[in-house]
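Please find below a colleague's note on the two-chain model under review. The structure is shown first, and the comments follow it.

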Amino acid sequence: MHADGAGLTQAAVQIRELRQRFGQREALAGISLDVHRGELIALLGPNGSGKTTLFRILSTALVPTSGSVSIFGADVVRRPTLARRELGVVFQAPSLDRKLTVTENLRHQGRLYGLHGRQLEDRIAGALDRVGLSDRARERVEQLSGGLARRVELAKGMLHRPRLLLLDEPTTGLDPSARREFWAYLDAVREEAGATAVVTTHLMDEAERGDRIALLDEGRLVALGAPAALKAEIGGDVLTLETDEPESLAAGIWGRFNCRALVLERAVRIERARGHDLVPQLVDAFPDAILGITLGKPTLDDVFVRRTGHHLHRGMAGGGDA
Amino acid sequence: MSLFLLAVWTLWQRELVRFYRQPSRVAGALAPPVLFWLLIGFGLGPSFHAPGAAAGTSYLAYFFPGVVILILLFTAIFSEISIIEDRREGFLQAVLIAPVPRASVVLGKVLGGTTLALLQSALFLLLGPAIGLHLSSAGALAILVAVLFLLAFALTSLACAIAWWLDSTQGFHAIMNLFLIPMWLLSGTLFPVAGTPGWLGAVMRVNPLTYGVAALRRVLAPGDAAGLPGFGASLGVTAACAALAFGAAVWVASRRPTR
């Protein structure tokens, strides 16, 4: 946490009534959100939910149609240079020059932020050390694996010690072990710098690493809160019944057990405390209609379904991750 | 060092390192002009006599300044076309959200291309004495460098403005073939303005590059200058074009959103 007195009450990022239109399409339909100092907030949503658009506006790469964003008090449209100094950005697409070495890439980045000489070289050494790449400093980026290159991107984004780190789907294309490694380094870097972070992701397990999660759908903020608090609002277990006749099954459940059942594709979904008690009753009551039954603790997808009526990922059955 | 100069410096340096790490680019910018020079020079040599050129001037010598310009042009194109690749690969985006003025980014990129063009043309100019071109003094060398710098800066800025404005390298190649190469052909490099009839001659006279070529001819072969625009006017037009092209590049780069 930052504790620099005067600005303590000010949010790291203030987003107000943010809208973005691309022709007829409204990518952001009025989002307001405060990112607190020192927290990691995950922007979670399906493709087309507006999270990448929001990310681009935060990174000053895109000027919004209306509304405002300020980063540590600097408006991204009116005072972009001031906002940019506070920002460290890790884009989804690689931003490294593959023909340059790791060190050359970092040196280039540092100079764009006013670093030079001894100070720059020290920062580079420190940054590479933190992401565990000191021994690869002199290699060209084209020789690195995807996971190592992502770590160089992280070092690049943190080099000038920004107070706000923005990461857009930072682990895209990484295998699970490289992904875990990346997060471990991100945690280490943030802990040391005390930086605030905004991370977009479409992966629930990554979003759960956030202090808070902002769920986005169709350009709107549909839920905001700590992962546990969001899941707690489900109040119990989630039962997912596989069936060929979801409509009639849902109606039957409502008639018989007086509990609300939501139809989702070829499944029926029930939220219920002590869900396991209901399982045998359901199977007894509808032996032919129910093809399969899943009982689980609520996931972020369940929160998403509750708020939007559809899954986080198209074609996703049950509460598994994608 | 100021942020502006640091940005210029780092982009300039990157341009040089990248260019020389990709030998195909070096060869691509240097080999074709030299090949044109040899083929066209030997091929046209026996049948060509430039009006205004001193008797006994070989076509290889006449064509020489034009080839220098072509090397500058090709190097400018090969270096600035990387803006399109940088955008596609994502590198540019990180530069554009850095807290530096857009003009410093453009200046670093253009000075990088200009330096490369100067170095490449210098290699070719070393052949000059072999065909009888000699500089009369150290002063003439200084003037030559100044003229080459203005030309390289103008052409690189032009290529930069075009590259910033386009999304595909194919588009750039189309512009190169339909606009940049004709501009070079019609600037008094292959055949002189004097004696070119009608509208073609008129096009050549309004082509700003004609004045750049004239300035270079006057430095490299002062004896063959008959029929060319004056040195002062040539230099003035070239300098004005350099400033204009650079302004255009900064303008395009500042207007374009970051993708």
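The numbered points below cover conventions, cores, domains, the chain interface and salt bridges.

1. Conventions. This is a predicted model, in which local features need pLDDT of at least 70 and side-chain atom pairs count only at pLDDT 80 or more, while totals for chains, interfaces and linings use all residues. Residues are numbered from 1 along each chain as its sequence is written, chains are lettered from A and ligands numbered from 1 in the order in which they are written, and side-chain values use heavy atoms, with hydrogens and water left out.

2. Nonpolar cores. A nonpolar core is here a set of buried Ala, Val, Leu, Ile, Met, Phe, Trp, Tyr and Cys residues joined through side-chain atoms within 4.5 Å; buried means under 20% relative accessible area, exposed over 50%, and partly exposed in between, with a 1.4 Å probe and protein chains only. The largest such core holds 79 residues, of which B:V106, B:W164, B:F172 and B:L216 touch the most other members. Its largest share, 15 residues, is supplied by helix α3 (residues 59-80) of chain B. Helices (H or I, at least four residues) and strands (E, at least two) are DSSP runs, numbered from the N terminus. A second core of 33 residues, separate from the largest, includes A:L96, A:L115, A:A137 and A:L144.

3. Two individual environments. With contact taken as heavy atoms within 4.5 Å, and with residues up to four places away in sequence not counted, B:L216 touches B:P65, B:V68, B:I69, B:L144, B:V147, B:L148 and B:L151. A:Q20 belongs to strand β1 (residues 13-22) of chain A and counts as buried, because its relative accessibility is 5%. Under the same sequence exclusion, the residues that A:Q20 touches include A:R25, A:L28, A:T53, A:I57 and A:L62.

4. Domains of chain A. The assignment, whose bounds come from an automatic or database source, gives domain 1 (5-225) and domain 2 (235-308). The centres of these two domains of chain A, taken over C-alpha atoms, are separated by 39 Å. In contact across the boundary are 11 residues of domain 1 and seven residues of domain 2.

5. Interface between the domains. Buried area is the accessible area (1.4 Å probe) that two parts lose on being put together, summed over both. Domain 1 and domain 2 of chain A bury about 680 Å² between them, 83% of it on carbon and sulfur atoms. On the domain 1 side, A:M204, A:L215 and A:V222 lose the most area to domain 2, together 57% of what that side buries. The rule for salt bridges (a side-chain nitrogen of Lys or Arg within 4 Å of a carboxyl oxygen of Asp or Glu) finds zero across this interface of chain A domains.

6. Interface between the chains. In chain A, 27 residues are in contact with 27 residues of chain B. The area buried between the two chains is about 2,400 Å², with 60% given by carbon and sulfur atoms. A:H108, A:R111 and A:L112 lose the most area on the chain A side, together 28% of what that side buries. Three salt bridges are found across the interface of chain A and chain B. In one salt bridge, the side chains of B:R18 and A:D97 meet at 2.7 Å, N to O. Both α2 (80-86) and α3 (102-112) of chain A supply at least two residues of the side that touches chain B, and α3(A) gives the most, with five residues.

7. Salt bridges within chain A. Over all chains, the count comes to 33 salt bridges. A:E39 and A:R212 meet through their side chains at 2.7 Å, N to O. This pair links distant parts of the chain, 173 residues apart: A:E39 is in the loop between β2 (25-35) and β3 (40-44), and A:R212 is in strand β9 of chain A. A:E39 counts as buried at 6% relative accessibility, as does A:R212 at 15%.

8. A pair between loops. Where do A:D244 and A:R266 lie? A:D244 is in the loop between β11 (237-243) and α9 (246-257) of chain A and A:R266 in the loop between β12 (261-264) and β13 (267-272), so the pair ties together parts that are 22 residues apart in sequence. Their side chains meet in a salt bridge of 2.7 Å, N to O. A:D244 is partly exposed, with a relative accessible area of 46%, whereas A:R266 counts as exposed at 55%.
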